Amino acid sequence: MKKFATLLIVLLSALTLSATEKEGNCPKGDKNDDQIKSAKIAFFTTYIGLTPAEAKDFWPLYDEYRSECRKCHKRGREILENIKTLDSKGNYQERQMTKLLMEFNEAFQKEGELNKLYMNEFLKILPVSKVAKLYLAEEEFRIEMIKTWQKNKGQGCPGGPDND
């Protein structure tokens, strides 16, 4: 656990430093994205306890999974924008809004289906204990990224990282 805590501190320090490298007082896009991805890989590999052989099979599958999840999130955000637009007009037919609400729910259902599908795929390459740690690692990493972002937000940067 001490090894994990030390790694977490080092990774967060690196992210904090990278986030404070400013161009016009804000973090650089692609460089910062690459640093976040590298930190995520290191964090997950350590947290889950992936062996080199497991990591070789895990990362391509995980990247595919996250890509599919991002598509679902993007679709959900697009539908939510359509709901906002329709709602702000105030004068709409009930069936229009119902259709959008159904599409919104379908986007989340698809994400749930993806989670089931990929969980089964992860179980083909990792023991159940490591698959469980994957889900814990995602949450821990997300929390730490939010803390890092909040810490750096006060330094003049609008918005924040896109955590899918």
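Is E103 buried or exposed? Select E103 and look: its relative accessibility is 19%, so it counts as buried. Here buried means under 20% relative accessible area, exposed over 50%, and partly exposed in between (1.4 Å probe, protein chains only).

Before you go on, note that this is a predicted model, in which local features need pLDDT of at least 70 and side-chain atom pairs count only at pLDDT 80 or more, while totals for chains, interfaces and linings use all residues. Residues are numbered from 1 along each chain as its sequence is written, and side-chain values use heavy atoms, with hydrogens and water left out.

**Stop 1: the whole chain**

Switch to a cartoon view. You will find five helices and two strands, in the order α-β-β-α-α-α-α along the sequence. These elements are DSSP runs numbered from the N terminus: helices are H or I with at least four residues, strands are E with at least two.

Now turn on the surface. The accessible surface of the chain is about 10,600 Å², and 56% of it belongs to carbon and sulfur atoms; such areas come from the Shrake-Rupley method with a 1.4 Å probe, and for residues only the protein chains shown count as cover. Of the 164 residues in the chain, 32% are buried. Contacts (heavy atoms within 4.5 Å) tell you about the fold too: among those between residues at least 6 apart in sequence, 70% join residues at least 24 apart.

**Stop 2: the salt bridges**

Go back to E103 and add R75. The two form a salt bridge, with their closest N and O atoms 3.3 Å apart. The term stands for a side-chain nitrogen of Lys or Arg within 4 Å of a carboxyl oxygen of Asp or Glu. This pair links distant parts of the chain, since E103 sits in helix α4 (residues 94–125) and R75 in helix α3, 28 residues apart. Unlike buried E103, R75 is partly exposed, with a relative accessible area of 37%. Add E78 and K99 to the selection, and you have a network of salt bridges that links R75, E78, K99 and E103.

Next, select E54 and K130. Their side chains meet in a salt bridge of 2.6 Å, N to O. Here too distant parts of the chain are linked: E54 is in helix α3 (residues 52–89) and K130 in helix α5 (residues 128–153), 76 residues apart. E54 counts as buried at 15% relative accessibility, and K130 is buried with a relative accessible area of 15%.

For a bridge inside one helix, try R142 and E139, whose closest N and O atoms are 2.7 Å apart. Both lie in helix α5, three residues apart, about one turn of the helix. R142 is partly exposed at 32%, and E139 is partly exposed at 36%. A search of the whole structure finds nine salt bridges.

**Stop 3: the nonpolar cores**

Select F44, F58, Y62 and F122. These residues have the most contacts inside the largest nonpolar core, which has 24 residues. A nonpolar core is a set of buried Ala, Val, Leu, Ile, Met, Phe, Trp, Tyr and Cys residues joined through side-chain atoms within 4.5 Å. The elements giving two or more residues to this core are α2 (29–48), α3, α4 and α5, and α3 gives the most, with eight residues.

Zoom in on F58. Not counting residues up to four places away in sequence, F58 touches I48, L50, F122, I125, L126 and L134. Then find a second, separate core of six residues, which includes L86, M97, L100 and F104.

**Stop 4: the aromatic rings**

Show the rings of F43, F44, Y47, F58, W59, Y62, Y65, Y118, F122 and F141, a cluster linked by ring pairs. Rings of Phe, Tyr and Trp (its six-membered ring) pair if their centres lie within 6.5 Å; planes under 30 degrees apart count as stacked, over 60 as edge-to-face and the rest as tilted. The count comes to 16 aromatic pairs. One of them, Y118 with F122, is tilted, at 6.4 Å centre to centre and 45° between the planes. Y118 and F122 are four residues apart in helix α4, so about one helical turn separates them. Y118 counts as buried at 5%, and F122 is buried at 0%.

**Stop 5: two cysteines**

Finally, select C69 and C72. Why is C69 not bonded to C72? The sulfur of C69 is 6.4 Å from that of C72, the closest cysteine sulfur, which is too far for a bond. A disulfide is a pair of cysteine sulfur atoms within 2.5 Å, and the structure holds zero disulfides. C69 counts as buried at 0% relative accessibility, and C72 counts as buried at 7%.
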